[in-house]
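Here is a short set of exercises to work through with the model open beside you. Try each task before reading its solution.

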Amino acid sequence: MPQHMTGPLGAIPAPTALQGAMVLSALSGGAPRANLEQIVIEAWDLPTPADLRSALADLVLRHPALHLRAGLAPDGLPQWHLAPPAPPELELCDWPEAGDARLDQWLEGDRARGCDLRIAPWRAMLAQRGTLPPVLVLTLHHAIIDLPAMAILLEDLFDLLANQP
């Protein structure tokens, strides 16, 4: 494994062996759906797209892992690069007549798309669903976040949303 990450913050710890294996798999064209996490939140009180964009932009500033990008060192080993903080892609969907089957179809397509660790290891989707509660989906590559970190990330996101003007 490489001994450092590159980026504006200087040297920071190298990926773990598990992260390295996930990065190598992703960068070598492995199954796109491998090592993806999808967080699905269904609730009537989800934020507006503008409030969600603002909260996601603030969230990435709090969590440097969300602006990690992966690449290969000249020796072929995986390495991290710390990119400038940028909010994730936010897809807005309007499914006025959609039931749960439409959400399941979207989730399957999202998994098939995978996450390109060289460009953006996470993204978000907010769907309005007619008479059903809106749904928010966060898709993240497991190489950048594990279960304990995911809980912290969600707590921070909900805190940011609760404190919107």
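**Exercise 1. The enclosed space**

How many cavities of 30 Å³ or more does a search of the whole structure find? Work out what surrounds the largest cavity.

*Solution.* Keep in mind that this is a predicted model.

Step 1. The search turns up 1 cavity of 30 Å³ or more, and the volume of the largest cavity is about 30 Å³.

Step 2. Now look at the wall. The largest cavity is lined by Glu89, Glu91, Trp106, Asp110, Arg113, Arg123, Ala124, Met125 and Thr139. The elements giving two or more residues to this lining are β4 (89-94), α3 (100-113) and β5 (122-129).

Step 3. Sort the lining by character: 5 residues are charged, 3 are nonpolar and 1 is polar.

**Exercise 2. A charged residue in the wall**

Is Asp110 buried or exposed? Find its contacts too.

*Solution.*

Step 1. Locate Asp110 in helix α3.

Step 2. Compare its accessibility with the cut-off: buried means under 20% relative accessible area. Asp110 has 3% relative accessibility, so Asp110 counts as buried.

Step 3. List its contacts, leaving out neighbours within four places in sequence: Asp110 is in contact with Leu36, Gln38, Arg123 and Thr139. Go back to the cavity wall, and you will find Asp110, Arg123 and Thr139 among its lining residues.

**Exercise 3. The nonpolar core**

Which residues touch the most other members of the largest nonpolar core? Trace the elements that build this core.

*Solution.*

Step 1. The largest nonpolar core has 34 residues, and Leu138 and Leu140 touch the most other members.

Step 2. At least two residues of this core come from each of α1 (17-27), β1 (36-42), α2 (49-62), β2 (68-72), β3 (78-82), β5, β6 (132-141) and α4 (147-162). The element that gives the most is α4, with 6 residues.

Step 3. Another core, of 9 residues, lies apart from this one; Cys93, Trp106, Leu107 and Ala127 are among its members.

Step 4. Finish with the surroundings of Leu138. Beyond neighbours within four places in sequence, Leu138 is in contact with Glu37, Gln38, Ile39, Leu56, Arg123, Ala124, Leu154 and Leu157.

**Exercise 4. The open space**

Which residues that line the largest pocket are the closest to its centre? Describe the rest of the lining as well.

*Solution.*

Step 1. The largest pocket has a volume of about 220 Å³. Of its 15 lining residues, Ala65, Ile144, Ile145, Asp146 and Ala149 are the closest to the centre.

Step 2. Both α1 and α4 supply at least two residues of the pocket lining.

Step 3. By character, the pocket lining holds 10 nonpolar, 4 polar and 1 charged residues.

**Exercise 5. After the last helix in our list**

Which residues does Gln164 touch, not counting those up to four places away in sequence?

*Solution.*

Step 1. Find Gln164 in the segment after α4. With 18% relative accessibility, Gln164 counts as buried.

Step 2. Its contacts are Asp51, Ser54 and Ala55.

Step 3. Check one distance: Gln164 and Pro47 are 9.4 Å apart in space, C-alpha to C-alpha, although 117 residues apart in sequence.

**Exercise 6. Confidence**

Where is the pLDDT below 50?

*Solution.*

Step 1. Begin with the chain: its average pLDDT is 85, and 89% of the residues score at least 70.

Step 2. Residues 1-7 have a pLDDT below 50, and this stretch has 26 contacts in the model beyond near neighbours in sequence. Residues 9-13 also stay under 50, with 8 contacts beyond four places in sequence.

Terms used: Residues are numbered from 1 along each chain as its sequence is written. This is a predicted model: local features need pLDDT of at least 70, side-chain atom pairs count only at pLDDT 80 or more; totals for chains, interfaces and linings use all residues. Side-chain values use heavy atoms; hydrogens and water are left out. On a 1 Å grid over the protein atoms alone, a cavity is a set of points where a 1.4 Å probe fits but cannot get out, and a pocket is an open set with protein on both sides within 12 Å along at least five of seven lines; lining residues have an atom within 4 Å of a point. Grid points are joined across faces, edges and corners, and a volume is the space filled by probe spheres set on the points. Helices (H or I, at least four residues) and strands (E, at least two) are DSSP runs, numbered from the N terminus. Ala, Val, Leu, Ile, Met, Phe, Trp, Tyr, Cys and Pro count as nonpolar, Asp, Glu, Lys and Arg as charged, and the others, Gly among them, as polar. A nonpolar core is a set of buried Ala, Val, Leu, Ile, Met, Phe, Trp, Tyr and Cys residues joined through side-chain atoms within 4.5 Å. Buried means under 20% relative accessible area, exposed over 50%, partly exposed in between (1.4 Å probe, protein chains only). Contact means heavy atoms within 4.5 Å. pLDDT is the predictor's confidence in each residue, from 0 to 100.
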